[in-house]
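Reader: Before I accept any labels, I want to see each value set against its cut-off. Can we go through them one at a time?

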Amino acid sequence: MGLLSLLKQERFLIVALAAGFVAYFVEHSVLEAGKTASLIAAAVLIGIIILVSTRVAHHAEILAHKVGDPYGTMILTLSAVAVEVLILAIMMGNTSSPTLVRDTIYAAVMLDINGILGLAALLGGLRHGEQPYNDDSSRTYSVMILTAMGISMIVPEFIPGDRWHYYSAFTICAMIALYAVFLKMQVGPHSYFFSYTYPRAAKPPTGTQAPQAEAEHESAAISIGVILVGVLIIGFLAEFMSTFMNAGLEGSGAPLTLMAVVVAAISAAPEILTALRAALRNRMQSVVNIAMGASLSTVILTVPVMESIALYSGQPFVMAMTPVQTVMVAVTLIVAAINLNDGQTNAIEGMTHFVLFATFVMLTALGL
């Protein structure tokens, strides 16, 4: 691929970089212009960040096609989590909210399991009826998510304030140990848990030819380079987005969890598109890997990074979920355990998760 062709294909990255430099030079002018101008600037930057994250996800998807499952979906989820952790770390430097990490992880789980999985299973079920997948993967993901969230976001409610650093250090070790074993299982002797062999069709499902053909002709080195550059640009833009959003929302009475939802939505946006395409192609295993894998990766990778920052700074985060959040997570994981226990999804199961997602949105609007 020639340089001009590559630049044309990745024009969103160039536009995003230009937007970052513009934001750098007009930052003070925008802040002085008032809350409305700050919110408009934040909204524009959020849109640009989402466009860049879709390019990151696109190249992660190309790599995924090259290596196949379960490595492919692991690349997709890790790229999304990298974006989320980067934005979170930057926003923590611009806000005094001690609950931002907790609320972002909670919002990400709601978006991934109830939003992505729910909408994909609903639309895929309406189009294809029952959609098969490997139920070993769903059970493994569910128990890992429950364990990780229980350790890092429920138990902290009972930890005395003067001993938080001991439990924080333990949480870091526990998350690393969990992920190490999970990763060994996912890419090692139990990798078949996370894959599904689809019947060979006379004609490939509509829409699969283009990504596969692009994956064959695209250089892996270019894809890796674009992913790295894209993540750096996202971090550059997130710094200004965070500043504008804080200034625009200050004293507005907006729900405190709004910023957390924005961070979770930015990282989940490319996954939504990828999961919906997979569901409409009747490849539900990819949807399960993306939705449940993203939820697990968000908890198990974000927690140790942010807890390490807390230990370094000496300022703890509030990680214990509120009663409403705890109930929503419990209901979500129970429904997922029941729905994802038979190796097939359908529109009814998708609708149950999507209604839970709508409930999450309603609770967020109410400030709960």
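Reader: Which hand does the crossing of α7 and α11 have?

Author: The crossing of α7 and α11 is left-handed. This holds for a predicted model. The axes of helix α7 (residues 164-187) and α11 are 9 Å apart, and the helices pack at an angle of about 145 degrees.

Reader: Which residues of α7 and α11 meet?

Author: On the α7 side they include Trp164, His165, Met175 and Phe182. On the α11 side they include Leu296, Val299, Pro304 and Glu307. By class, the residues of this contact of α7 with α11 divide into 15 nonpolar, four polar and one charged.

Reader: Why are α5 and α10 called roughly parallel?

Author: Their packing angle is about 20 degrees. Angles under 35 degrees count as roughly parallel, and α5 and α10 are therefore given that label. Their axes are 8 Å apart.

Reader: What is the hand of the crossing where α5 passes α10, and how do the residues of the contact divide?

Author: α5 passes α10 in a right-handed crossing. The contact of α5 with α10 holds 20 nonpolar, three polar and four charged residues.

Reader: What makes α9 roughly antiparallel to α10?

Author: The axes of helix α9 (residues 220-249) and α10 cross at roughly 150 degrees and come within 11 Å. The label requires an angle over 145 degrees, so α9 counts as roughly antiparallel to α10. The crossing of α9 and α10 is right-handed. Met241, Met245, Asn246 and Leu249 of α9 make the contact with Leu258, Met259, Val262 and Ile266 of α10. These residues divide into seven nonpolar, one polar and no charged.

Reader: Which residues touch the most other members of the largest nonpolar core?

Author: Ile87 and Met241 do, in a core of 97 residues. Helix α5 (residues 100-128) gives the most to this core, with 13 residues. Met241 touches Ala42, Leu45, Ile46, Ile49, Ile87, Met91 and Ile266, leaving out residues up to four places away in sequence.

Reader: Why is threonine 104 called buried?

Author: Its relative accessible area is 0%. Buried means under 20%, so threonine 104 is buried. Threonine 104 lies in helix α5. Beyond residues up to four places away in sequence, threonine 104 touches Glu84, Leu88, Ala260, Val263 and Ala264. The C-alpha atoms of threonine 104 and threonine 302 are separated by 9.8 Å, with these positions 198 residues apart along the chain.

Reader: How do you know that isoleucine 145 is buried?

Author: The same reasoning is used: isoleucine 145 has a relative accessible area of 0%, the cut-off is under 20%, and isoleucine 145 is therefore buried. Isoleucine 145 lies in helix α6 (residues 135-154). Apart from neighbours within four places in sequence, isoleucine 145 is in contact with Ile113, Met292, Ser295, Leu296 and Leu333. Its C-alpha atom is separated by 18 Å from that of glutamate 271, 126 residues apart along the chain.

Reader: Valine 226 has 8% relative accessibility; why does it count as buried?

Author: Buried means under 20%, not zero. At 8%, valine 226 therefore counts as buried. Valine 226 is found in helix α9. Setting aside neighbours within four places in sequence, valine 226 is in contact with Glu10, Leu13 and His59. Valine 226 and alanine 60 are 166 residues apart in sequence, and 9.4 Å apart in space from C-alpha to C-alpha.

Reader: What makes alanine 365 exposed?

Author: Exposed means over 50%. Alanine 365 has 57% relative accessibility and so counts as exposed. Alanine 365 is found in helix α13 (residues 347-365). The C-alpha atoms of alanine 365 and serine 138 are separated by 30 Å, at 227 residues apart along the chain.

Reader: Why is asparagine 282 called partly exposed?

Author: Asparagine 282 has 26% relative accessibility. Partly exposed is the range between the cut-offs of 20% and 50%, so asparagine 282 takes that label. Asparagine 282 is placed in the loop between α10 (258-280) and α11 (284-313).

Reader: What is the phi of asparagine 282?

Author: Phi of asparagine 282 is near 65 degrees, a positive value in a residue other than glycine. Most residues other than glycine have a negative phi.

Notes. Residues numbered from 1 in each chain as written. Predicted model: local features only at pLDDT ≥ 70, side-chain atom pairs only at ≥ 80, totals over all residues. Heavy atoms only, no water. Core = buried A, V, L, I, M, F, W, Y, C linked by side-chain atoms within 4.5 Å. Buried < 20%, exposed > 50% of the residue type's maximum accessible area, 1.4 Å probe, protein only. Helix = DSSP H or I, 4+ residues; strand = E, 2+ residues; numbered from the N terminus. Contact = heavy atoms within 4.5 Å. Axes fitted to C-alpha atoms, helices over the stretch in contact; angles between N-to-C directions. Parallel < 35°, antiparallel > 145°, perpendicular 65-115°, else oblique. Left-handed = near helix turned anticlockwise from the far one by under 90°. Nonpolar A, V, L, I, M, F, W, Y, C, P; charged D, E, K, R; others polar.
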